[in-house]
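Hi,

Here is the structure I said I would pass on. Have a look at it first, and then read my notes underneath.

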Amino acid sequence: QVQLVESGVGLVQAGGSLRLSCAASGSTFSIDVMGWYRQAPGKQRELVAAISSGGRTNYDDPVKGRFTISRDNAKNTVYLQMNSLKPEDTDVYYCHASVKRGWVTYDYWGQGTQVTVSS
């Protein structure tokens, strides 16, 4: 089992910056990919950015050049640095971790943290 605890709830003006953190605990040695998703009311949860245990990153197109995902494996923590924020970035952001055990991949989620960008 893996537990994910997010921090960094924020209200920021457009053009501002915010950093989200997500600390993992439990069976952290088995975590493969960690990432951030976001979800607006009535919409599907969408990938924002992900980072592998080796440091490879992947970003959704709308955030490329503005958001940076990083990971501290020693602290079992993943970060999302969000710059040049736009009102359309307003969403609930969820931390995610995937764990592979044999042929099966397990997904774990944080509780979600609200990010609000005012215009």
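Below is what I found, going from the overall fold to single residues.

A word on the source: this is a predicted model, so local features need pLDDT of at least 70 and side-chain atom pairs count only at pLDDT 80 or more, while totals for chains, interfaces and linings use all residues. Residues are numbered from 1 along each chain as its sequence is written, and side-chain values use heavy atoms, with hydrogens and water left out.

**Overall fold**

The chain has zero helices and eleven strands (DSSP runs numbered from the N terminus: H or I of at least four residues for helices, E of at least two for strands). The radius of gyration is 14 Å, close to the 14 Å that the globule rule gives for 119 residues, so the chain is as compact as a globular protein of that length. That radius is taken over C-alpha atoms, and the rule is 2.2 Å times the number of residues to the power 0.38. Along its principal axes the C-alpha trace spans about 45 × 30 × 25 Å. Buried residues make up 42% of the 119; buried means under 20% relative accessible area, exposed over 50%, and partly exposed in between (1.4 Å probe, protein chains only).

**Core and β8**

The largest nonpolar core has 28 residues, and those with the most contacts inside it are L4, W36, L80, M82 and Y93. Such a core is a set of buried Ala, Val, Leu, Ile, Met, Phe, Trp, Tyr and Cys residues joined through side-chain atoms within 4.5 Å. Among the elements giving two or more residues to this core are β3 (18–26), β7 (67–72) and β8 (77–82).

Have a look at β8: five of its six residues are buried, so the strand is largely enclosed by the rest of the structure. Six bridges join β8 to β3, running antiparallel, and six join it to β7, also antiparallel (strands pair if DSSP finds at least two bridges between them). On the β3 side, R19 stands opposite Q81. On the β7 side, F67 partners M82 and R71 partners V78. β7 and β8 form a hairpin with four residues between them, and N76 in the turn has a positive phi of about 55°. Side chains alternate along β7: F67, I69 and R71 point to one face and are buried, while T68, S70 and D72 point to the other and are not.

**Salt bridges**

There are four salt bridges in the structure, each a side-chain nitrogen of Lys or Arg within 4 Å of a carboxyl oxygen of Asp or Glu. R38, R66, D89 and D91 are linked in a network of them. D89 meets R38 at 3.0 Å, N to O. D89 lies in the loop between β8 and β9 and R38 in strand β4, so this pair ties together parts that are 51 residues apart in sequence. Both D89 and R38 are buried. R38 also meets D91, at 3.9 Å; D91 is in strand β9, so that pair ties together parts 53 residues apart in sequence. D89 meets R66 as well, at 2.8 Å, and R66 is buried too.

**Surface**

W103, V104 and Y106 form a nonpolar patch on the surface, with about 410 Å² of accessible area together. Areas come from the Shrake-Rupley method with a 1.4 Å probe, and for residues only the protein chains shown count as cover. Patches are made of residues with over 30% relative accessible area and no salt bridge; like charges are joined within 9 Å, nonpolar side chains (Val, Leu, Ile, Met, Phe, Trp, Tyr) within 5 Å. V104 is partly exposed, at 39%.

Cheers
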